[in-house]
Amino acid sequence: MIAPLLLPVVAELALAAIPPIMTYSGRLYTNTGTPLAGVHEIEVRIYDQAVGGTTLFLQTFSAVPTTDGYFSVELTDDSLTSVVTDPLNAEALFAGGEDRYLQLTVDDEVLLPRQRLGAVPWAFAAGPPAWDEVRDVPADFADGVDDGLTSVSWSEVLDRPSGFVDGVDNDLLAGLTCAVGQFLVRGASGWTCSAAPALHNCSWVVGTTATSGSTAVCPAGRHIVSGGCFTSTGGSISQSYPADEDGEGILNGEAMTHAVRWHCGAQPTSSYSTAYALCCQL
């Protein structure tokens, strides 16, 4: 049996904007100070006065579980549809800024005094502010008109790279129009269009695997078309480049027709590397 007197604690209130839900949580004790247990009927009413007054909201929960006295209910439906529509219309309930008081009834036992609702539930009724109610508005926005820029002059852009200061796109490839079957080749004097060379007698050559580096060497009369490197687990490729007959690396802009070797190196120095080269007659 439940003792005649139930003592509510200060409840927590939490709100959800859409849909409007007001969560009421608290803790109930018997008159001997023991937290209430089991399932109970809880009725929630909201009044406009601390004593007496008009009932503005009413919702009954027939089976509310309690754990160590703690309970929680969601106020969503209103039985007094003539006052506040169903579901909860918090804007109407808290309109006008007047005080509101919540009263609990647990298993037909009314718990008094009523609890005055604080600021959180009132957030339901807080509509969007008028523009003139917004504080610290920058001077350019005080009239509520968006005078934003629709375009920016190139000269107004800060930190432009030196090659772009004049606003001209100096794309070196923009003036090149290669014919069908041609491709771009970068030679000593720059980029040009060239026909794809005819390739004959192509084969892969694999260099010797070593920690000191690896070089794949094309047979006489063949040249490097492509190449690559492989390293052992834990290593990383530190060198990968084509080279001429003397072992000199082929630099950007030099004709690949001079390349007859592919050289590889790996780090750390204890790592193995292996060079691969596709060698063809041109």
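**Close-up views of a predicted model**

**View A. A disulfide joins Cys178 to Cys193, with a sulfur-to-sulfur distance of 2.1 Å.** Welcome to the close-ups; please keep in mind that the model shown here is predicted. The torsion about the S-S bond of Cys178 and Cys193 is about -80°, so this disulfide is left-handed. Cys178 sits in the loop between helix 2 (119-122) and strand 9 (182-187), while Cys193 belongs to strand 10 (residues 190-195), so the bond ties together parts that are 15 residues apart in sequence. Are these two cysteines buried, partly exposed or exposed? Cys178 has 29% relative accessibility and counts as partly exposed. Cys193, at 26%, counts as partly exposed too.

**View B. Cys202 and Cys280 are joined by a disulfide, S to S 2.0 Å.** Which hand does this disulfide have? Its torsion about the S-S bond is about 120°, so the disulfide is right-handed. The pair links distant parts of the chain, with Cys202 in strand 11 (residues 200-206) and Cys280 in strand 16 (residues 273-281), 78 residues apart. Take a look at the two ends of the bond. Cys202 is partly exposed, with a relative accessible area of 39%. Cys280, in contrast, has a relative accessible area of 0%; because buried means under 20%, Cys280 counts as buried.

**View C. A disulfide with an S to S distance of 2.0 Å connects Cys218 and Cys279.** About the S-S bond of Cys218 and Cys279 the torsion is about -80°, so this disulfide is left-handed. Where in the chain do Cys218 and Cys279 lie? Cys218 is in the loop between strand 12 (214-217) and strand 13 (223-231), and Cys279 is in strand 16, so the bond ties together parts that are 61 residues apart in sequence. Both Cys218 and Cys279 are buried.

**View D. Stepping back, the count comes to four disulfides.** How do the bonded cysteines pair up when they are counted along the chain? The pattern is 1-2, 3-8, 4-7, 5-6. To follow it in the model, number the bonded cysteines along the chain and match each pair of numbers. Among the four disulfides are the Cys178 to Cys193 bond of View A, the Cys202 to Cys280 bond of View B and the Cys218 to Cys279 bond of View C.

**View E. Two cis peptide bonds appear here, one joining Leu112 and Pro113 and one joining Gln267 and Pro268.** Why pause at these bonds? Most peptide bonds are trans. Between Leu112 and Pro113, omega is about 5°. Between Gln267 and Pro268, omega is about -5°. Where do the prolines sit? Pro113 lies in strand 8, whereas Pro268 is found in the loop between strand 15 (261-267) and strand 16.

**View F. Asp107 and Asn201 each have a positive phi.** A little background helps here. Most residues other than glycine have a negative phi. For Asp107, phi is near 50°, a positive value in a residue that is not glycine. For Asn201, phi is also near 50°. Asp107 is in the loop between strand 7 and strand 8, but the place of Asn201 is in strand 11. Asp107 has 31% relative accessibility and counts as partly exposed. Asn201 counts as partly exposed as well, at 47% relative accessibility.

**View G. Glu41, Asp107, Asp108 and Glu109 form a negative patch on the surface.** You have already met one member of this group, Asp107, through its positive phi. Where does Asp107 lie? Its place is the loop between strand 7 (101-106) and strand 8 (109-116). Strand 8 is also the strand that holds Pro113.

**View H. Val152, Trp154, Val157 and Phe164 make up a nonpolar surface patch.** How much accessible area do these four residues have together? The total is about 370 Å². Val157 is found in the loop between helix 2 and strand 9, the loop in which Cys178 from View A lies. With 34% relative accessibility, Val157 counts as partly exposed.

Key. Residues numbered from 1 in each chain as written. Predicted model: local features only at pLDDT ≥ 70, side-chain atom pairs only at ≥ 80, totals over all residues. Heavy atoms only, no water. Patch = residues over 30% accessible without salt bridge, like charges linked within 9 Å, V, L, I, M, F, W, Y side chains within 5 Å. Areas by Shrake-Rupley, 256 points an atom, 1.4 Å probe, with all protein chains shown as cover. Salt bridge = Lys/Arg side-chain N within 4 Å of Asp/Glu carboxyl O. Lys, Arg positive; Asp, Glu negative; His and termini not counted. Charge placed at Lys NZ, Arg CZ, Asp CG, Glu CD. Helix = DSSP H or I, 4+ residues; strand = E, 2+ residues; numbered from the N terminus. Disulfide = S-S within 2.5 Å. Buried < 20%, exposed > 50% of the residue type's maximum accessible area, 1.4 Å probe, protein only.
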